[in-house]
Amino acid sequence: MRNFIFITGAGRCGTNVIRGLIDGHKEVNVVPGELNIIPHYNNSSNFNSKKKYLERLFRSFLRQIPYEKKSLKKNLEKKIINLKNKKNFVDDFEQMINLFFPNKKKYVLINTQNENIDFLKKIFKNCKIIHMLRNPLTQINSRYLFRFRSVSNNFRGNEFTNSFKRNYLSFEQANLYKRNTQVKIIKMEQLLTNTHKVLDNITKFLKIKKIKKLELTEMEGKFISSLNGKILVTKFINRNINKDYSNLLPNDLYYCSLINSARKFYNYPKFKKTSNNFILYFLRHMGFIGKHREISFNPYIIFKRIIYTIINYSVDKKGKIEFEIFLKKKNEKKN
């Protein structure tokens, strides 16, 4: 029986750093990448839907296997059809893990890139969870830069706007489980300033041997897996804690203020309520507001960026209204 360890968090909060530091540990099989569909399993007893879900999970694993190991990928693809139908989802999941990691180490660590601890504890009752937190201001600022740092990156969607709700849920879960013996709450800021001490606390929590030297499975700024056979030894993690939130507009800062569940972990200012401002939104999308931006004066890129600004502004406005409705329902339940 494997012991499952999950890393949870709302994104841009150090989940990949933790995964990269533990990857290569002699006692732990570390799943490469981010398996962010695990928390959405609905515990259906219907075999067809369960089997379909297992196949989706399996293919998520396969996508993380490097191109150089395509023979391994082909062999594993053939075994998908042999997944047995057991009554317990965890048994099926473990069988899939065993196919992926024939060297059956006792522990399996998975970065879920999801903040929902509840689902994981319901499905994997004996699992352990490392839940990562970060100051909402810098975390949501980082989420914006992740998608919109460069003007040439014409990303559209609601990921940035969803980060307000995701942060709220992440801190709500942290408050709910902060005294639970199966959950370890870690602040990203603590990890960066006192890496060895935090790692010692994590290894004690997981009951595995200490990590004596820092080895990050990172190559050219991108986190990879030890499956690639590439492990970089580093003397320290980047300790330059970025306190910047210059990419957040006054309207964004107001919505950060609504994440009250974070105030038991972080002390940050409250901001006044302001409406969305299209001019400010446009200037930011063009790279003229905020630090660490890449600006382009190419007419074609500018034209595309204007189109995406209009789309994203509409999505952002709608998403924040939905966040307010979500908070209102939360408050009604409390009262």
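Two strands pair if DSSP finds at least two bridges between them. Keep that rule at hand for the exercises on this predicted model.

**Exercise 1. The overall count**

Task: State how many helices and strands the protein has, and what share of its residues count as buried.

Solution.
- Step 1. The protein has twelve helices and nine strands.
- Step 2. It has 335 residues, and 49% of them count as buried.
- Step 3. Turn to contacts between residues at least 6 apart in sequence. Of these, 75% join residues at least 24 apart.

**Exercise 2. Strand β1 and its partners**

Task: Find which strands β1 is joined to, and how many bridges join β1 to β3 and to β4.

Solution.
- Step 1. Locate β1 at residues 3–8.
- Step 2. Take β4, residues 128–133. Four bridges join β4 to β1. Pairing needs at least two bridges. β1 and β4 run parallel.
- Step 3. Take β3, residues 107–111. Five bridges link β3 with β1, and these strands run parallel too.
- Step 4. Check residues across the pairs. Isoleucine 5 of β1 faces leucine 109 in β3. On the β4 side, isoleucine 7 stands opposite isoleucine 130. Threonine 8 stands opposite histidine 131 in β4.
- Step 5. Check cover. Five of the six residues of β1 are buried, and the strand is mostly covered.

**Exercise 3. The sheet and its helices**

Task: Give the strand order of the open sheet of five strands and name its edge strands.

Solution.
- Step 1. The order is β2-β3-β1-β4-β5, with parallel pairing.
- Step 2. The edges are β2 (28–30) and β5 (183–187). Each of these pairs on one side only.
- Step 3. Neighbouring strands are turned by 20° against each other on average, direction ignored.
- Step 4. Now add helices. α4 (residues 89–100) lies across β1 and β3, and runs at about 90° to β1.
- Step 5. α7 also packs on the sheet and touches β4 and β5. The direction of α7 makes about 130° with that of β4.

**Exercise 4. Helices α7 and α12**

Task: Decide whether α7 and α12 are roughly parallel or roughly antiparallel to each other.

Solution.
- Step 1. Place the helices: α7 covers residues 159–177, and α12 covers residues 299–334.
- Step 2. Their axes come within 7 Å and cross at roughly 25°.
- Step 3. Angles under 35 degrees count as roughly parallel. The two helices are therefore roughly parallel.
- Step 4. List the contact residues. On α7 they include Phe160, Phe164 and Tyr168. On α12 they include Asp316, Lys320 and Phe323.
- Step 5. Sort the residues of this contact. They divide into eight nonpolar, two polar and six charged.

**Exercise 5. Two residues around α10**

Task: Classify asparagine 251 and tyrosine 245 as buried or partly exposed, and list their contacts beyond four places in sequence.

Solution.
- Step 1. Asparagine 251 is found in helix α10 (residues 250–257). The relative accessibility of asparagine 251 is 7%, so this residue counts as buried.
- Step 2. Asparagine 251 touches Thr274, Ser275, Asn276, Asp316 and Lys320. Two of these names, Asp316 and Lys320, also appear on the α12 side of the contact with α7.
- Step 3. Tyrosine 245 lies in the loop between β9 (232–233) and α10. With 30% relative accessibility, tyrosine 245 counts as partly exposed.
- Step 4. Tyrosine 245 is in contact with Leu137, Asn141, Leu253 and Phe271.
- Step 5. Compare sequence with space. Tyrosine 245 and proline 136 are 109 residues apart along the chain, yet their C-alpha atoms are separated by 9.4 Å.

**Exercise 6. Positive phi**

Task: Say where arginine 12 and histidine 292 are found, and give the phi of each.

Solution.
- Step 1. Recall the general pattern. Most residues other than glycine have a negative phi.
- Step 2. Arginine 12 has a positive phi of about 60°. This residue is in the loop between β1 and α1 (15–22). At 33% relative accessibility, arginine 12 counts as partly exposed.
- Step 3. Histidine 292 has a positive phi near 60°. Its loop runs between α11 (278–285) and α12. At 45% relative accessibility, histidine 292 counts as partly exposed.

**Exercise 7. Cysteines**

Task: State how many disulfides a search of the whole structure finds, then classify cysteine 127 and cysteine 256 by accessibility.

Solution.
- Step 1. The search finds zero disulfides.
- Step 2. Buried means under 20% relative accessible area. Cysteine 127 has 2% relative accessibility, so this residue counts as buried.
- Step 3. Cysteine 256 has a relative accessible area of 0% and is therefore buried.

Definitions and conventions. Residues are numbered from 1 along each chain as its sequence is written. This is a predicted model: local features need pLDDT of at least 70, side-chain atom pairs count only at pLDDT 80 or more; totals for chains, interfaces and linings use all residues. Side-chain values use heavy atoms; hydrogens and water are left out. Axes are lines fitted to C-alpha atoms, for helices over the stretch in contact, and angles run from 0 to 180 degrees between N-to-C directions. Angles under 35 degrees count as roughly parallel, over 145 as roughly antiparallel, 65 to 115 as roughly perpendicular and the rest as oblique. Contact means heavy atoms within 4.5 Å. Ala, Val, Leu, Ile, Met, Phe, Trp, Tyr, Cys and Pro count as nonpolar, Asp, Glu, Lys and Arg as charged, and the others, Gly among them, as polar. Buried means under 20% relative accessible area, exposed over 50%, partly exposed in between (1.4 Å probe, protein chains only). A disulfide is a pair of cysteine sulfur atoms within 2.5 Å.
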